[in-house]
Amino acid sequence: MNTGIVLALVGAALSAILGGIGSAYGVQAAGVAAAGVCSEKPDLFGKVLVLQALPGTQGIYGFLIAVLILVQTGVISGSPADLTVMQGLSYLIAGLPIAFVGCGSGIYQGKTAAASILMTAKDPDSSAKGITMTALVETYAILALLASILILFGIR
Amino acid sequence: MIVGMKKGSLIIMKADRDAVLKALQQAGEWMTISEEAADAPQGESSAAEKPENALAFLSGFAKKPSLFSSKPEVTSEALLAAGEEEKKTAAETERVMAAISNIDAELSALRNENETLTPWLDMDKPIEDVVDTRHVRVLSGFAPEEALPDIEAALGDTGALSAYGGSKDGVALLLYLYRLPDGEMKAKLSALSEAGFNEGQLPKISGKPKARYDENKAAIDRLLKQKEDLEATAKALSDKAGDVALLSEQVRAETERSRVTGVETAQTLLLKGWVREDRTARIEAAVSGVTEVYDLRFADPAEDEVPPTVTQNPHFLSQFETITDMFSLPKIGTLDPAPVAGIWYWIIFGMMMGDVGYGACMFVIFFLFKKIKKPTGEFGKLINVLFYSSITTIIFGVLFGSYFGETWHPIMFAPLDNPMGFLIFTMVIGVLHIFSGMGIKATELIRDGKILDAIFDVFSWMILITGLPMLLLPELRTAGIIMSVLGAAIILLTAGRDKPTIVGKITGGLLGLYDISSYLSDILSYSRILALSLATGVIGMVMNLLARMVAVGPIGFVFALLIYIVGHVFNLAMSLLSAYVHDSRLQYIEFFGKFYEGGGKPFKPLALRPKHFNVNDQKSSHS
């Protein structure tokens, strides 16, 4: 274990932590709305569940980058590579886009999902519109994920 | 393809109204044009609420329906009129329901009374005997047990107390106070309440508390026994829950018929409605089957009338209509985007999933779901979409060499090994997707004779967007420069052509060229295909890794199997959700944004739409 590996681990941890926090908050915010809707209209469970699950992806993306960093640095296979400090720092930086954007977009997507769930409660036929609106927020998490992946694969 | 509609006018005798409407409902091809405003009460009818409530009540007693059962089948005949048998079962159910709810109310009253009686059970005299006399005032109430000495002290020699059983408010007390002048009495009372005594009322009954309590208890037991009997009846009735469900359907169908309105004379009724132009004969057959006295004509819709939209596509493509319909129905007179959108949805879904193992799972799961549950309507179409998409998932899985997250001999490339290659591949797919949308717009423009508009607004962009990436390839550079300049020049010169002034035309052209940013962001948006494909693959890979790490010894092997199965099921579910959502989004925003207007009215014919049954007229009777 040298400084480079530790820095890379910080990057992996950050992307999993912040992505997870964003998704946890988002799914919770949507879940509160979904539970409220289900108390009055239990038959909408299927529709609101889809909406509630949408903000869950940021956590998955963060986890994905964390695993990719661990795979690339050889930590997961038990033989960590001999990284320089600069390389370790690069891995840390690779984790940052999905860490920050995942956290922010998870929270905001949760709010949009909650609003869409309430819209679905009033008009069950409009759930597809709600799904589209909610998915728009995720675009930025996906772009951040791509940025993270491209940085990650660019590290020499 | 959008199907042409005919406007039908049907004159019948008022006496035949019910029979004709039933025949039309059975045919399910006639959408009545209401004479009144279209916002007549829609949704669940209140008349169907009673059997629905009865059904919900019975389902509490019935066995849980098996996970592998589909809705029972009935003939459309059975749904048309309320049968005596069904009415009887429903009435019986309602009687049992009412009786049980009465018993519940009585039980709760008795239990409440017994709760108030509990502290006074030791009192061995009738409650009505506890009254003030000329010299003694009696107070009833409660106090905490530890406050008793204080209260006794406060009473002093001016009274006495008797304590009974405890309750949640403390010990039940009766205080006997000698009458005192008003002022002193007040002081005494406040001293008592300071000592901890809370005045509270005696139960409002007559007789000894204990006797009353036992009486109530006996009544409770009797009621519970009655309730048990009633519940047994309900359980027996729940075998016939199908009857109640049928009645609910019958009532709903009847309500829908009763909402049909037309112009009336003393003897006749004129109905107007939309019919698919290829199915007018079915209406004719339905009406002539029940009456001979009628007049039925069909006409083309007038200029100012907007008929509802019905689309007809080959079976495979028609399943993907549900994706388009969720966005908006195509308007009459435009092109139906469903065939093009369907094929793209199918391909992009496969790219987003991109795993042979998951594709095979989807194939099996949705095939079994279709066979066992027999889903119908929009939901059934969605299941078919997922079922067909399993094929593209397998194809792209082979191309990417992904098998349950493991990479094995990719034919094109493995997304993890060559993310840049995949990224460029998704952009190419994006450009083709957007171009096919622009192609539909160009087709519509050319069909309307606006060939120049098609060149200025559509082909110019196609040339520019094709030319720009060619600049990056050395061998195609010259061609790229020519195409980019040509495309940009056309846009610059023509985008402002509608503006009246020269300045307007110039700024319009510049603003038009600025649209390049929106095209770029649209194309970049297809990078989500890469992200989702990677997410599916990597999470699958992680599950394999975790399973392999714990697979030591027999116990480890069991754990590994558990991780493997749960992990992959979770990944499959999340990937399906993501692919469904993001594939839809690519259709709605990037693809439809280029040409699609939507805004069609749905075709909602007078038909049987049972909630609890599937209609099947092939079989002679329901089994």
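**Domain layout, sheet and helix packing**

The centres of domain 1 of chain B and domain 2 of chain B, taken over C-alpha atoms, are separated by 84 Å. The model is predicted. Chain B is divided into three parts: domain 1 (1–36 + 262–308), domain 2 (131–201) and domain 3 (316–449 + 520–594). Domain 1 is assembled from two segments, 1–36 and 262–308. Domain 3 likewise joins two segments, 316–449 and 520–594. Domain 2 is given as the single range 131–201.

An open sheet of 4 strands is found in chain B. Its order is β5-β6-β4-β7, and the pairing is antiparallel. The edges are held by β5 (159–167) and β7 (198–199) of chain B. Each of these has a single partner strand, so one side of each is left without a neighbour in the sheet. β5(B) pairs with strand β6 (residues 170–178) of chain B over 7 bridges, in the antiparallel sense. Within this pairing, B:Gly159 has B:Leu177 of β6(B) as its bridge partner.

Helices pack on this sheet. Helix α6 (residues 182–195) of chain B touches β4 and β6 of chain B. The direction of α6 makes about 160° with that of β6(B). Helix α5 (residues 148–155) of chain B lies across β4 (136–143), β5 and β6 of chain B. Helix α5 runs at about 160° to β5(B).

A helix pair was examined next. Helix α15 (residues 419–447) of chain B packs against helix α20 (residues 527–550) of chain B at an angle of about 135°. Their axes lie 7 Å apart. The two helices are therefore oblique to each other; an angle over 145 degrees would have counted as roughly antiparallel. The crossing of α15(B) and α20(B) is right-handed. On the α15(B) side, the contact is made by B:Pro419, B:Phe422, B:Leu423, B:Thr426, B:Met427 and B:Ile429. On the α20(B) side, B:Ser527, B:Ile529, B:Leu530 and B:Ser533 take part. By class, the contact has 7 nonpolar and 3 polar residues. No charged residues are included.

Chain A has 5 helices and 0 strands. Along the sequence, the pattern of chain A reads α-α-α-α-α. Taken along the principal axes, the C-alpha atoms of chain A fill a box of roughly 60 × 25 × 20 Å.

Terms used. Residues numbered from 1 in each chain as written. Chains lettered and ligands numbered in written order. Predicted model: local features only at pLDDT ≥ 70, side-chain atom pairs only at ≥ 80, totals over all residues. Heavy atoms only, no water. Axes fitted to C-alpha atoms, helices over the stretch in contact; angles between N-to-C directions. Parallel < 35°, antiparallel > 145°, perpendicular 65-115°, else oblique. Left-handed = near helix turned anticlockwise from the far one by under 90°. Contact = heavy atoms within 4.5 Å. Nonpolar A, V, L, I, M, F, W, Y, C, P; charged D, E, K, R; others polar. Domains from an automatic or database assignment. Pairing = 2+ DSSP bridges.
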